[in-house]
2 protein chains.
Amino acid sequence: MNKLAGIKAVVFDLYGTLYNVHSVAQRCDEAAPGRGMEVSVLWRQKQLEYSWLRSLMGQTISFEQATRDALAFVSAHFKLELDTAAMETLCDAYLNLSPYPEVPDALRKLQEMKLPMAILSNGSDFSISKVVGGSGLQSFFSHLLSVDAVGVFKPDSRVYALAGKAFSLAPEEMLFVSSNAWDAAGAAHYGFTVCWINRSGNTFDELGISPAVVVGGLDEVPGLLLNGA
Amino acid sequence: MNKLAGIKAVVFDLYGTLYNVHSVAQRCDEAAPGRGMEVSVLWRQKQLEYSWLRSLMGQTISFEQATRDALAFVSAHFKLELDTAAMETLCDAYLNLSPYPEVPDALRKLQEMKLPMAILSNGSDFSISKVVGGSGLQSFFSHLLSVDAVGVFKPDSRVYALAGKAFSLAPEEMLFVSSNAWDAAGAAHYGFTVCWINRSGNTFDELGISPAVVVGGLDEVPGLLLNGA
């Protein structure tokens, strides 16, 4: 049985999936010499925690606010003594992320297969446009979908529902691609056909569901869609 | 101004606040010699993440399920190769937690001050009874309040609302005591007067609100309530 039969569109997570969030580590290393990756990893973890916690508290904040708040925590935790300008510079790094090396070519192949593509991200409309536009990949996507439209973060089902509305497709007709295991699990619970990109040999989270397919990089996805998985 | 004037009851978080969740580290060390604390810390982090994520996904699971799922993740992540019996033994450690050393005496002082006390926990009715009963502290509490009653985890406001119903008090008339910064922040947003116990010199989370008072241990709380904070 081909798990990817009937896929009519591809929906991508942005942070950590198409774009490397630890490409900010170099900037972090300038602020905290020798500890850039450690700072970057905790910053990312707190950014996600704060997005989940604020959603559970029923509070609407932007992902950019969660990013700033998480950096303020990390700055205090590591005693970095960052001033406002340094904080701004670091947060701006989240607007100028690098795509993973295999991403542009894989998107080109998917486009040649006539599959419509969208990004569905926790980021704001502004941030998504900035990141995607800045990397020159905007033309691949028919929709850039932000949580701005619903005021809550993934894995709340209201976020995932945005893709079905954009494409007028049922969840299972869309391949949802994420490197974030919690996001892949949330999308699978919602009903998407899910591809987890596991670039670093991580362990999938135990959230009661598995992705349909697991790949080591986005370059494997066009072949799976052509030849079956 | 006395921030604690008008307090008519005290509501405690359980895991990490009255009871040391890393008292399971010794058991973890038997399963993963030399790495008990590392295993215990990731287990706790994933346990919390899974409680938040399942709540956001709209799924009702028990905290014990989140605990088991988190251990399954940690076992795979650290390649511990735990069998079912070993997993059960470790999860049982969460039913036999030790209170922090200063806790029994501080509860006694609060009881002498005629303050009614409750526990409000992410745990199930069964787990809360087991932990509190096993440590001989049950008689201090007029209510053991579990998320079982609402099917969602903290910091969802439906959980915090259980305390007001139990005591027929407004949130600000209750002192909510937690060592978990995210829980203290959630409780403060809900409207409780909040005491954060910071036993280890941690940094408070940046979630848009601060606790009314911060202490280094529960032993400081009776004095603050008597003399003002």
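A crossover is right-handed if, with the strands pointing away from you, the path from the first strand over the helix to the second runs clockwise. Helices (H or I, at least four residues) and strands (E, at least two) are DSSP runs, numbered from the N terminus.

The model is predicted: local features need pLDDT of at least 70, side-chain atom pairs count only at pLDDT 80 or more, and totals for chains, interfaces and linings use all residues. Residues are numbered from 1 along each chain as its sequence is written, chains are lettered from A and ligands numbered from 1 in the order in which they are written, and side-chain values use heavy atoms, leaving out hydrogens and water.

**Exercise 1.** Work out which unit strand 6 of chain B helps to build, and what pairs with this strand.

Step 1. Follow the chain: strand 6, helix 8 (residues 181-190) and strand 7 of chain B make a right-handed β-α-β unit.

Step 2. Look at the pairing (two strands pair if DSSP finds at least two bridges between them). Strand 7 (residues 193-197) of chain B runs parallel to strand 6 of chain B over 4 bridges, and Ser178(B) has Trp196(B) as its bridge partner there.

Step 3. Now try strand 1 (residues 9-12) of chain B: 4 bridges tie it to strand 6 of chain B, again in parallel. Here Val10(B) sits opposite Leu175(B).

**Exercise 2.** Decide whether strand 6 of chain B is mostly covered or uncovered.

Step 1. Count buried residues (under 20% relative accessible area; exposed is over 50%, partly exposed in between; 1.4 Å probe, protein chains only). In strand 6 (residues 174-178) of chain B, 5 of 5 are buried, so to speak a mostly covered strand.

Step 2. Sort the side chains: Met174(B), Phe176(B) and Ser178(B) point one way, Leu175(B) and Val177(B) the other.

**Exercise 3.** Describe how helix 3 and helix 4 of chain A cross.

Step 1. The axes (lines fitted to C-alpha atoms, for helices over the stretch in contact; angles run from 0 to 180 degrees between N-to-C directions) of helix 3 (residues 63-77) and helix 4 (residues 84-93) of chain A come within 10 Å and cross at roughly 125°.

Step 2. Helix 3 and helix 4 of chain A are therefore oblique to each other (under 35 degrees is roughly parallel, over 145 roughly antiparallel, 65 to 115 roughly perpendicular, the rest oblique).

Step 3. Contact (heavy atoms within 4.5 Å) involves residues including Leu71(A) of helix 3 and Leu90(A) of helix 4 of chain A.
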